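Subject: Structure handover

Hello,

Below is the structure you are taking over. My notes on it follow.

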Amino acid sequence: MTMLNIENLSAEVGGKTILNGLSLSINAGEIHAIMGPNGAGKSTLAYTLGGRPGYEVTGGSVRFLGEDLLAKEPHERAAAGLFLGFQYPVEIPGVSNVQFLRSALNAQRVARGQAELSGGDFLRLARAQADALGLAQDMLKRPVNVGFSGGEKKRNEMVQMGIIDPRLAILDETDSGLDIDALRVVGHGINTIMRKPDRAVLLITHYQRLLDYVKPDFVHVLAGGRIVRSGGAELALELEREGYGALAA
Amino acid sequence: MNGVLDLPSTHDEAWRWSDLSGLPALAGARPGGRAPTGELWIGCGGPRLLFIDGAYRPEESDPGPVTVGPAEAGAGDHPLGRLAGHQGWRLQLARDRGPAATIEIVHVATGGPAHVAAEIVMDEDAQASLVETFAGEGWHNVARKITLGRAARLGIARRVLGGGFASLTDTASLAAGASLDIATLAAGSGDSRLDTRLTLEGGGAYGEAGGALLARGAQRHDANAVLRHAAAGGTSRQLWRSVADDRATCAVAARVEVARDAQKTDAEQSLKGLLLARTATINAKPELEIFADDVKCAHGATVGELDRNALFYLASRGVPPVEAKALLTRAFVADALARIGDEAVRAAFLADAEAWLGA
């Protein structure tokens, strides 16, 4: 089943074209990695799919689970099953992680016509996910990402992904700023939460190292706002060896 | 000049952000009569008093140590405070005395004027906490004089929930080591003018005035606070959070005065404003007047909008825009209410703020 189908997508930021006719199709059960040099448009792709204000689609189409993704508001995209993992998770002083995630999960459930989770049920779910990802319990009570280290912020993204349990996760440089231990935890999180026949992942990464822990089914190279080459897991190793320069040439 | 009421105009610096134009009509209006009060009680389990249109209602009150009758409000020539008259309530606590639970006073103004004078006198080491609720569509005009003896401690939390106008004028003097904290929440649909003047007369006293002002539509809240350090070693805190939407205005003028002898003063002001619409107005005016040389006076004033990155982060997790806005706004005002000591009172105030944000 096709989960995400991007056709000829173009987008601009601040009047500058960043995505330039990008096409990509992701089926359920697949993990895709998008790699590319700085400035290739990797984060722009993530934000455009997430619906961030300021990222303007100028052409093409995106269908997610058979629906027009671009016609939806950002929160509606989340309710439809899309999860965006941030390269720089945002700090929100005064709002606790628990409060934030409970609002998020229940808003999604209501949008899908499901009943809201009670406080107790939610806490059990949140604690289980925090444990699974090695995030200390007291971090759940603290304001969202405030005072978290880089690694803790990324673990928190994974805890959120586990609680929300999306159909498709787009993870924007989730590996950046992680030490080896954190990388292993995050990789394990992605595998346990998302490596399922009815789930899919789009990993956006600059380096190959996360792919040691999360084996991609397909690897794509993004350059100049479009996909210039696709292959299997071995393509990532080739890129690591030869650099992006050879490909762009 | 504003007719028979003789109100100050906006040409007067201290009143430039106030809009008193509705007061003559409210002053002459007939009260609407009886109003339901059930939901206005927090239920602190202590003494309680009900005033409707400025008149005491003994049948629904249990005043404890509070006496009802003449009171010296000490408003001097304050243009609104002096109109509050000399009748209302009085709390006098002898040395070491104090009610075990928070005193609760509910004021309802059903459409016309509701003038109340109040006086609190606490002797050495006396302790009390007080919560006041102002509701209804009329004009609450309360003037109060507070005199705290050595090491006396008083906490006041008040919430303005009505749709009319509330002018609340407090004048307080604190002896050595005394402590007074006045926190105000404006979460109704009407306007307000808050005047607070605290003087730390004795050494080592602690004074705090602050709160959360929420305004939308054409609402206007105007708070003026003066914390005067007259003796050495005093501490003062002013933490105000203003939220304005639509064409509303919130103004906070907060002043710290440090007299020549008030060395080792520790004063802090934090005035923050949040604009929910570009058409709204927030005025923050921190003022310092310092005549001593060994003091610490921190002050900060900021006005901004909701963080767009935070809004998108919340949206990306499925939180709809209205809810995301409310969540961030609630977080913004929370620290102004976090300092209310009585847990039930704090919870009630947070619920009021939440109700306002969700409305």
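I start with a helix in chain A and what surrounds it. The model is predicted, and everything below should be read with that in mind.

**Helix α6 of chain A**

The buried residues of α6(A) are covered by elements of chain A that include β6, α3 (97-111), α4 (119-132), α5 (138-141), β9 and α7. The helix spans residues 150-164, and its 15 residues reach 21 Å from the first C-alpha to the last, close to the 21 Å expected at 1.5 Å a residue. Of those 15 residues, 11 are buried, so α6(A) is largely enclosed by the rest of the structure. The buried residues are A:K154, A:R155, A:N156, A:E157, A:M158, A:V159, A:Q160, A:M161, A:G162, A:I163 and A:I164. Charged side chains are therefore on the list along with nonpolar ones, among them A:K154, A:R155 and A:E157 as charged and A:M158 and A:V159 as nonpolar. After the helix comes A:D165, which has a positive phi, near 55°.

**Strands β9 and β10 of chain A**

Strand β9(A), residues 168-172, is one of the elements that cover α6(A). Five of its five residues are buried, so β9(A) too is largely enclosed by the rest of the structure. In a regular strand the side chains alternate between the two faces of the sheet. Here A:L168, A:I170 and A:D172 point one way and A:A169 and A:L171 the other, and all are buried.

β9(A) has strand partners as follows:

- Strand β6 (residues 82-85) of chain A runs parallel to β9(A), and four bridges join the two. In this pairing A:L82 stands opposite A:L168.
- Strand β10 (residues 200-205) of chain A also pairs with β9(A) in the parallel sense, over five bridges. Here A:L168 stands opposite A:A200, and A:I170 stands opposite A:L202.

The connection from β9(A) to β10(A) involves helix α7 (residues 180-194) of chain A, and the three elements make a right-handed β-α-β unit.

β10(A) has six of its six residues buried, so this strand is largely enclosed by the rest of the structure. Both of its faces are covered, with A:A200, A:L202 and A:I204 buried on one side and A:V201, A:L203 and A:T205 buried on the other. Strand β3 (residues 31-35) of chain A pairs with β10(A) in the parallel sense over five bridges, and A:M35 of chain A stands opposite A:T205.

**A:D217**

A:D217 is in the loop between β10 and β11 (218-223) of chain A. With 15 other C-beta atoms within 10 Å, A:D217 is partly exposed. Leaving aside residues up to four places away in sequence, A:D217 touches A:E30, A:I31 and A:H32. A:D217 and A:E234 are 17 residues apart in sequence, and their C-alpha atoms are 9.8 Å apart.

**The nine-stranded sheet of chain B**

Chain B has an open sheet of nine strands with mixed pairing, in the order β3-β4-β6-β8-β10-β12-β14-β16-β18. The edges are β3 (66-70) and β18 (281-290) of chain B; each has a single partner strand, so one side of each is left without a neighbour in the sheet. From one strand to the next the twist averages 10°. At the β18(B) edge, strand β16 (residues 249-258) of chain B pairs with β18(B) in the parallel sense over 10 bridges, and B:E257 stands opposite B:E289.

**B:L275**

B:L275 lies in strand β17 (residues 266-275) of chain B. B:L275 has 19 C-beta neighbours inside 10 Å and so counts as partly exposed; the cut-off for buried is 20 or more. Not counting residues up to four places away in sequence, B:L275 touches B:A244, B:A280, B:I282, B:V303 and B:E305. B:P31 is 244 residues from B:L275 in sequence and 35 Å from it in space, C-alpha to C-alpha.

**Where the chains meet**

Between the chains, 17 residues of chain B are in contact with 20 residues of chain A. On the chain B side, the elements that give two or more residues are α2 (308-316) and α3 (321-337). The largest share, seven residues, comes from α3(B). By class, this side of chain B has 12 nonpolar, three polar and two charged residues.

Regards

How values were computed
Residues numbered from 1 in each chain as written. Chains lettered and ligands numbered in written order. Predicted model: local features only at pLDDT ≥ 70, side-chain atom pairs only at ≥ 80, totals over all residues. Contact = placed C-beta atoms within 7 Å. Buried ≥ 20, exposed ≤ 12 C-beta atoms within 10 Å, placed from the backbone. Pairing = 2+ DSSP bridges. Right-handed = clockwise from strand over helix to strand, strands pointing away. Expected span 1.5 Å × (residues − 1). Axes fitted to C-alpha atoms, helices over the stretch in contact; angles between N-to-C directions.
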